[in-house]
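Okay, thanks for coming, everyone. Let me put the thing up on the screen and then talk you through it.

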2 protein chains.
Amino acid sequence: MDEFGIIARHFAPLATTPGAFGLKDDAAAIAARPGFDLIVTTDQIAEGTDFFAQDPPASIAQKALRVNLSDLAAKGAVADCYLLVLALPPGATEEWLAQFAAGLGADQQRYGISLLGGDTSATTGPLTVTVTAFGFVPQGRMVTRGGAKPGDAIYVTGSIGDSAGGLAILKREPHALNQAQRDHLVARYHTPEPPIDFGKRLAGLATASVDISDGLIADIGHLAAASGVAVAVDAEAVPLSDALRALWGTDAILRAATSGDDYQIAFSASPARDGDIRAAAAQAGIAVTRIGAVAAGEGVTLHHQGRLLPVARPGYRHF
Amino acid sequence: MDEFGIIARHFAPLATTPGAFGLKDDAAAIAARPGFDLIVTTDQIAEGTDFFAQDPPASIAQKALRVNLSDLAAKGAVADCYLLVLALPPGATEEWLAQFAAGLGADQQRYGISLLGGDTSATTGPLTVTVTAFGFVPQGRMVTRGGAKPGDAIYVTGSIGDSAGGLAILKREPHALNQAQRDHLVARYHTPEPPIDFGKRLAGLATASVDISDGLIADIGHLAAASGVAVAVDAEAVPLSDALRALWGTDAILRAATSGDDYQIAFSASPARDGDIRAAAAQAGIAVTRIGAVAAGEGVTLHHQGRLLPVARPGYRHF
């Protein structure tokens with residue numbers, strides 16, 4: 001294998017946008033889109049931390065891409081293109097690379113995006129995949145973490161904790177799930193399903209928004225801190241899949257709300273927009289659930305049947 | 001150490017541009033600059049491949065940044081901001097991070113740029129630093145690799161091979177250099193000095209341009225291939241520092257032209273622009289040397305005193 005051969009065979013066919021110059025230049029170009037801001041995000045995933053070495057190459061590629069598309073969606077941006085930086089350990093084969101690139105190609109079709117550029121090198125360490133994703137929002141309309149106001153409601157898309165449940169199963173935590181339940185949770189660990197189509201409807205609806213990667217409580221905590229408000233979350237309202245309830249029983253809410261890797265969106269909005277939010281969710285074909293309320297103050301609290309649930313560790317930490 | 005503490009203490013002070021949101025959001029924003037294209041490049045450097053674990057943290061930071069600024073300069077772009085992705089091995093300390101951030105801060109001042117965002121995580125492998133850099137060029141004016149024409153001259157900035165010489169010294173290749181010569185070469189290995197100020201003068205002067213990272217011959221080969229032309233390089237004309245000549249003697253030209261890590265710019269231009277090129281180099285305070293000529297055909301040849309020099313391996317390869 002050589003670097004230029006890998007790029008030509010596997011990645012150049014994915015670089016369909018003219019600004020990528022067929023991956024044959026030092027840099028790529030993004031033409032100015034007057035009236036729009038370019039939204040930029042970057043996340044690295046690593047073997048042993050975010051995926052397993054034996055995971056399907058296509059799902060590793062899609063996870064690397066989607067954790068970034070999730071950030072763009074949470075900001076109300078429409079994804080446009082991405083950069084890919086790959087550090088390949090000695091075991092990487094042409095077949096592995098072909099499947100990895102096929103995973104990217106399928107997601108490019110699904111989300112209407114193009115590879116823009118990147119860097120490929122060899123590593124003596126674990127495989128890492130770093131994606132930088134680009135999207136557009138109308139000028140000044142990025143949905144930040146900082147706009148939640150007392151009186152707003154807190155919503156979350158999809159269901160929470162499925163990825164963490166999938167990881168628990170892969171780590172051989174005992175369970176009595178049927179095959180369909182097991183497959184659902186493991187699939188969410190391998191390939192997140194961020195609410196991309198809903199994200200582009202957030203600008204103008206949400207007052208603040210965050211992508212749930214560290215954990216529901218931790219990430220709502222970031223939103224509360226950036227907005228200078230307090231948030232109370234009703235534990236009973238946190239949306240959980242039947243599979244996750246079957247896996248974790250009465251522990252499900254607390255584990256789900258603190259484990260991360262969800263790639264759903266938590267956001268605040270005026271309760272007066274509740275109907276618009278439900279309409280947008282229906283158009284995007286996803287579930288949106290009202291789970292809490294914003295008040296003056298600071299911090300996040302989790303309530304269960306009128307009592308405060310103590311949260312020892314609100315989310316995942318790298319260190 | 002924790003991820004959020006590291007970001008708040010060491011990196012948030014570097015995020016001076018409003019679009020970085022103080023590193024407290026899921027994504028960053030780059031406002032459209034009507035009439036300009038955004039130029040984007042990304043490169044990862046890794047411990048053991050691009051630097052040594054015991055290298056000064058500030059120089060590791062500056063190398064990671066400058067290898068990217070070099071790409072922007074070669075495209076005629078003016079650097080604006082960058083993303084930083086850090087995978088930290090277990091040994092990383094607060095003191096190491098403080099010095100690393102200080103290196104970035106010094107370069108931000110020097111080049112007039114801001115940190116825009118990033119991602120920090122822990123790794124079980126070697127330290128890697130991934131930078132994505134952004135710059136602007138007037139719309140449609142990016143200097144590509146593809147515009148060289150028969151009859152053009154080939155130029156190169158600065159001197160070639162100093163970084164490779166520095167690496168040879170660090171790898172304990174025997175030498176009889178004095179301290180100043182040794183320090184000059186090792187400094188170029190630790191911290192490249194890409195011709196940033198000259199780069200922004202390239203648009204309108206150069207017909208094609210490439211940043212020399214893989215090796216002078218290899219990278220001019222990329223320019224020749226993208227332009228569909230042949231290039232003949234006069235080995236005698238390749239600019240070498242006195243220190244490198246002292247280190248490698250008669251081997252210096254061939255080793256310098258094939259070893260890479262230079263972060264100088266090779267470019268083609270009409271010989272009619274020779275005076276303008278020399279004036280631009282003088283304004284930027286750097287040396288520019290005419291080293292070859294473009295003809296119809298394909299490939300790169302290296303000539304020495306009228307004879308063809310065989311080049312077994314034109315540049316560095318990762319695999």
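I'll go through how the two chains meet, then a shared sheet, then the domains, then one strand in chain B.

Housekeeping first. This is a predicted model, where local features need pLDDT of at least 70 and side-chain atom pairs count only at pLDDT 80 or more, while totals for chains, interfaces and linings use all residues. Residues are numbered from 1 along each chain as its sequence is written, and chains are lettered from A and ligands numbered from 1 in the order in which they are written.

So, symmetry. A turn of 180° and a shift of 0.0 Å along the axis lay chain A on chain B with an RMSD of 0.0 Å, the superposition being least squares on C-alpha atoms of residues with pLDDT of at least 70 in both copies. The two copies are thus related as by a two-fold rotation axis. Which residue of chain A comes closest to that axis? A:Gly125, with its C-alpha at 2.1 Å.

Now the interface. Chain A puts in 58 residues and chain B puts in 58 residues, with contact meaning that C-beta atoms, placed from the backbone, lie within 7 Å. On chain A's side, β2(A) has the largest share, 10 residues. That side splits into 26 nonpolar, 18 polar and 14 charged residues; here Ala, Val, Leu, Ile, Met, Phe, Trp, Tyr, Cys and Pro count as nonpolar, Asp, Glu, Lys and Arg as charged, and the others, Gly among them, as polar. And 100% of the interface residues of chain A are also interface residues in chain B, so the copies meet through the same surface.

Next, the sheet. It's an open one with five strands and mixed pairing, in the order β4(A)-β3(A)-β5(A)-β2(A)-β1(B). For the record, helices (H or I, at least four residues) and strands (E, at least two) are DSSP runs numbered from the N terminus, and two strands pair if DSSP finds at least two bridges between them. β4 (114-122) of chain A and β1 (28-31) of chain B are the edges, each with a single partner strand, so one side of each is left without a neighbour in the sheet. The join between chains is antiparallel, with four bridges from β2 (residues 36-46) of chain A to β1(B), and A:Ile39 sits opposite B:Ala29 there. Going the other way, β1(A) pairs antiparallel with β2 of chain B, again over four bridges, with A:Ala31 facing B:Asp37.

On to domains. The assignment, automatic or from a database, gives chain A domain 1 (3-138) and domain 2 (153-309). Their centres, over C-alpha atoms, are separated by 26 Å. Domain 1 brings 18 residues to the contact and domain 2 brings 16. α2(A) gives the most on the domain 1 side, 11 residues.

Last, β6 (residues 153-157) in chain B. Five of its five residues are buried, so this strand is largely enclosed by the rest of the structure; buried means 20 or more other C-beta atoms within 10 Å of the residue's own, with C-beta atoms placed from the backbone. B:Ala153, B:Tyr155 and B:Thr157 point one way, B:Ile154 and B:Val156 the other. In a regular strand the side chains alternate between the two faces of the sheet. β6(B) runs antiparallel to β9 (residues 265-269) over four bridges and to β10 (residues 288-295) over five.

Note on methods: Contact = placed C-beta atoms within 7 Å. Buried ≥ 20, exposed ≤ 12 C-beta atoms within 10 Å, placed from the backbone.
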